[in-house]
Amino acid sequence: MTPRKITRQVIVGDDRVGRVRIGGGAPVVVQTMNAGYTHDIDACVAEINRYAKAGADIVRVAVPERKDTEALKEVMRQVNVPVVADVHFHYQRALEAVEAGVHKIRLNPGNISDRDQVNMVIDACKERGIPIRIGVNEGSIIERRDKARRAEELGKFFAGHKSGHLLALMIAKLEEYLDIFAERDFHDVCISAKSMDAALVIDIYTEISKRFDYPLHLGVTHAGTRDSGCIRSISALSTLLANGIGDTVRISYASDHIDEVKDAIEMLCCLGMRERKGVELIACPTCGRIQVDLFTLVKEVEKVLMPELELPVKVAVMGCIVNGPGEAEGADVAVFAGDRRGIIYVQGQKVANVTEDEILPRLLQECKAFEAKVKAGEARLGEKLVEIKPPDPIGELGSGAAKIAAGQVAQVSVGQTG
Ligand code: SF4
């Protein structure tokens, strides 16, 4: 992991909903966007608060019409998380949103380009201390009203280096726009430059990170459903974050946006950039050695444990003892399955050898007991008390099922066990 680039910092929010810091070394912020209409006040508030409850730090709403910015004032009164107004085409919507008390504005240089209009928005935001995200998108960077020109531009894009022409266009647009902001001495700015092409997203953000010190809002736009969009988004965003680039993220799915929040948080936890809340599940993919229905077991373990545990207890569900001990050594609670049985370990210490149908309730019992101990200060997360040593040999490429059933998996003490 490359250390994060320290960018300028912007602050989004107020006394009532709290202030979220973006950039300047602050933890990476998770954003999402409402799918519903902003003018439908009750639904809009419910949607924002639902995302906030799932862990979104900031939620964006669309304000295409006057009725949306009119509703925004009431929405702002009822939400409990900072809100961004997403403005396209009509600079007046930005002014109205500022007036309504929104916490941040997003402008698209591809469709609001009149200098005087941009200046009016900058001045209004400056007066209220509201940051602006300058968000260029691949889809709107080329003049849409001039179809012939768009075709020509895209033709050049596809003919040459895969990302070269578009990359240059997006950067040029950003530079041109940022000049307007610099002239007004307005630096309360975030930048985004999104594409649906994950490789292009990596190229663009890598380039703009070198050129600007404003905080970067990462995203892959029009990523698709969660099934296809997850890989597309995470491959780009996690690469950038691992390279020290990015201050806030939005994953975009053409499905329930709650999954955008969940997946963004999981990505940050996996990269060690956010502390996990709740159980962390490790499971083997299974293979020809498996002798229990592990897929069903893992699903049930996830379903049962997730709502029951508050602390980030690491739980391993392993199909056998071939790789199980090694994989589970870092786990707080582990089960290795054998021939229709499972042996359960707590921090490496064997606590039970149960039949397949007893695995789930016993695992839950042990996890809850372990969590209670941690809460009482009698145990610590991630502490290995005992090494698990598989019998040697475990049986010529076999599953070791008989050894597991006989309870012959050994332990080696590495510290205090009591
Ligand atoms: S833990 Fe055992 S069953 Fe699971 S994948 Fe590894 S060898 Fe196969």
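## The five-stranded sheet and its surroundings

Five strands form an open sheet in the order β11-β12-β13-β14-β15, and their pairing is mixed. β11 (280-283) and β15 (349-355) are the edge strands; each has a single partner strand, so one side of each lacks a neighbour in the sheet. From one strand to the next, the twist averages 15 degrees. The model is predicted.

At the β15 edge, the pairing with β14 (residues 341-346) is antiparallel and spans six bridges. Within this pairing, I343 stands opposite N353 of β15. Helix α10 (residues 294-308) lies across β11, β12 (314-318) and β13 (333-337). The angle between α10 and β12 is about 165 degrees.

**Positive phi values**

Two loops of this region each hold a non-glycine residue with positive phi: T286 and Q347. T286 is in the loop between β11 and α10. Q347 sits in the loop between β14 and β15. Is T286 buried or partly exposed? T286 has 16 C-beta neighbours inside 10 Å, so it counts as partly exposed. The cut-off for burial is 20 or more other C-beta atoms within 10 Å. Q347 has 23 such atoms within 10 Å and is therefore buried.

A further positive phi belongs to G244, which follows helix α8. The table lists the three angles.

| Residue | Phi |
|---|---|
| T286 | near 75 degrees |
| Q347 | near 45 degrees |
| G244 | near 85 degrees |

**Helix α8**

Which residues of α8 (residues 226-242) are buried? They are G229, R232, S233, I234, A236, L237 and L241. These buried residues pack against two helices and two strands: α7 (198-211), α9 (258-270), β9 (217-220) and β10 (248-251).

**The ligand shell**

The ligand is surrounded by 12 residues. The closest are C284, C287, G319, C320 and V322. By class, the shell has seven nonpolar residues, four polar residues and one charged residue.

**The chain as a whole**

The protein chain contains 13 helices and 17 strands. Of its 418 residues, 43% are buried. Contacts between residues at least 6 apart in sequence were also sorted by separation: 66% of them join residues at least 24 apart.

Conventions:
Residues numbered from 1 in each chain as written. Predicted model: local features only at pLDDT ≥ 70, side-chain atom pairs only at ≥ 80, totals over all residues. Helix = DSSP H or I, 4+ residues; strand = E, 2+ residues; numbered from the N terminus. Buried ≥ 20, exposed ≤ 12 C-beta atoms within 10 Å, placed from the backbone. Contact = placed C-beta atoms within 7 Å. Near = placed C-beta within 6 Å. Nonpolar A, V, L, I, M, F, W, Y, C, P; charged D, E, K, R; others polar. Pairing = 2+ DSSP bridges. Axes fitted to C-alpha atoms, helices over the stretch in contact; angles between N-to-C directions.
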